[in-house]
Amino acid sequence: MPELPEVETVRSSLARDFVGKKIKTVAVTNGRAVRRHKAPKDFRAKVEGRTIKNVARLGKYLIFGFDDGTKMVGHLGMSGQLLKAKNAKDPKPKHTHVVFTFTQGPELRFVDPRTFGEFFVSEPLAEGVALEMSKFARLSVGGDGLALRAQVPELAHLGIDPLEDQIGWDRLAAIVRSRTTIMKGVITDQDIICGIGNIYADEILFDAGIRYDRSAETLSTIEIRRLHRAMTEVLADAIKHHGSTLDDEQFVDPDGNPGEYQNFHRVYNREGLPCTQCRAPIQRVTVRQRSTFFCAKCQN
Ligand SMILES: [Zn+2]
């Protein structure tokens, strides 16, 4: 499933190639891809004719700012890809559910075999309805995250985005220590910290020297500081390498290029291979039906 670094890789590519482009037509061939709208034609009416002014990201969501001030939100779900097609005649991949064409330049296709992904145009709050901002996000001291949540009320519930929200280690400590669940659960809960999923949780916890099953309220100050640093460093490094593409998954950027960060993983998908720090074999356990990888020596 695409996580923050993969979504950020897609965002920067779209920002480069589609900002300033005017959407000519939108074809929706699977209504599930725009399921928040009453009908695909309602989605089309809100998108066709709009010019993309900017592309932002919050957690695993893409946010397209239109010239009329509205926002279109995209989520890749489990298996979604956004792919550029230079020529409209290029054969469409199976499971192409939405096609955006522009008054000039390549078209953009949303391909999603498992159909968990979606697009929608954000609805302003009804008059008198207060925005329900995440109590964790409200602890941020800077960055663009709060403004994005205010502009897209559907995303206001998202917890701290490790890159878009600035938060000191002391405030992160207050958040983490208020939880009594295991650490992997805390950092993958999108309503607490958004953008991190199965892969980067394992990489971040390894970098911080914290076991996946540590109870969050037991973390020491030193461990929280290491976690704080590991979140931003691991994610920034993964973005630099255009995200992770694994054998059984199919992440590619809009140009069709896979990521390269899988070559730099230190625990994820490395069961039995020597730890890069201590040479002990990396272990794999199943937590909530998903694989978790860790070093029993380096993580406490
Ligand atoms: Zn180790």
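In this predicted model, His95 is found in the loop that runs between β5 (81-85) and β6 (96-102). The phi of His95 is near 70°, a positive value in a residue other than glycine. With 18 other C-beta atoms within 10 Å, His95 is partly exposed; a residue needs 20 or more to count as buried. Another positive phi belongs to Arg288, with a value near 50°, and here too the residue is other than glycine. Arg288 lies in the loop between β11 (283-287) and β12. Because Arg288 has 10 other C-beta atoms within 10 Å, it is exposed, the cut-off for that class being 12 or fewer.

Positive phi values also turn up at glycines that come after helices. Gly49 follows α2, and its phi is positive, near 90°. Gly209 comes just after α6 and takes a positive phi of about 70°. The two helices that precede these glycines are taken up in turn.

Helix α2 spans residues 40-47, and its buried residues are Pro40, Phe43, Lys46 and Val47. These residues cover an arc of only 130° around the axis, which puts them on the same side of α2. A general property of helices helps to picture this pattern. An α-helix has 3.6 residues a turn, so residues three or four places apart point the same way. What lies over the buried residues of α2? The cover includes the strands β1 (23-28), β4 (71-75) and β8 (118-121).

Helix α6 covers residues 198-208. Of its 11 residues, 10 are buried, so α6 is largely enclosed by the rest of the structure. The buried residues are Ile199, Tyr200, Ala201, Asp202, Glu203, Ile204, Leu205, Phe206, Asp207 and Ala208. Their cover includes the helices α1, α5 and α7, together with the strand β12 (290-294).

The packing of α6 against α7 can be described in more detail. Two packed helices are described by the angle between their axes and the distance between the axes. For α6 and α7, the axes come within 8 Å and cross at roughly 130°. That angle makes α6 oblique to α7, and the crossing is right-handed. On the α6 side, the contact involves Tyr200, Glu203, Ile204, Asp207 and Ala208. These meet a set of α7 residues made up of Glu223, Arg226, Leu227, Ala230, Met231, Glu233, Val234, Leu235 and Ala238. Sorted by class, the contact of α6 with α7 has nine nonpolar and five charged residues, and no polar ones.

Helix α7 (residues 221-240) also packs with helix α1 (residues 4-18). The angle between α1 and α7 is about 45°, and their axes are 9 Å apart. This makes α1 oblique to α7, and the crossing of the two helices is right-handed. Which residues make the contact? From α1 come Leu4, Pro5, Glu8 and Thr9, and from α7 come Leu235, Ala238 and Ile239. These contact residues divide into five nonpolar, one polar and one charged. Leu235 and Ala238 of α7 thus appear in the contact with α1 and also in the contact with α6.

The loop between α5 (183-187) and α6 holds Ile193, and Asp191 has its place in the loop between α5 and α6 as well. Is Ile193 buried or exposed? Ile193 is buried, with 27 other C-beta atoms within 10 Å. Asp191, with 14 C-beta neighbours inside 10 Å, counts as partly exposed.

The contacts of these two loop residues can be followed along the chain. Neighbours within four places in sequence left aside, Ile193 is in contact with Gly159, Ile160, Pro162 and Ile187. On the same basis, Asp191 touches Ser134, His157, Leu158 and Gly159. Gly159 is therefore listed among the contacts of Ile193 and of Asp191, a contact here requiring C-beta atoms within 7 Å. Separations in sequence and in space can also be set side by side. Ile193 and Val73 are 120 residues apart in sequence, and their C-alpha atoms are 19 Å apart in space. Asp191 and Asn30 are 161 residues apart along the chain, with 28 Å between their C-alpha atoms.

Notes:
Residues are numbered from 1 along each chain as its sequence is written. This is a predicted model: local features need pLDDT of at least 70, side-chain atom pairs count only at pLDDT 80 or more; totals for chains, interfaces and linings use all residues. Helices (H or I, at least four residues) and strands (E, at least two) are DSSP runs, numbered from the N terminus. The arc is that of the directions from the helix axis to the C-beta atoms. Two residues are in contact if their C-beta atoms, placed from the backbone, lie within 7 Å. Axes are lines fitted to C-alpha atoms, for helices over the stretch in contact, and angles run from 0 to 180 degrees between N-to-C directions. Angles under 35 degrees count as roughly parallel, over 145 as roughly antiparallel, 65 to 115 as roughly perpendicular and the rest as oblique. A crossing is left-handed if the near helix is turned anticlockwise from the far one by less than a right angle, and right-handed if clockwise. Ala, Val, Leu, Ile, Met, Phe, Trp, Tyr, Cys and Pro count as nonpolar, Asp, Glu, Lys and Arg as charged, and the others, Gly among them, as polar.
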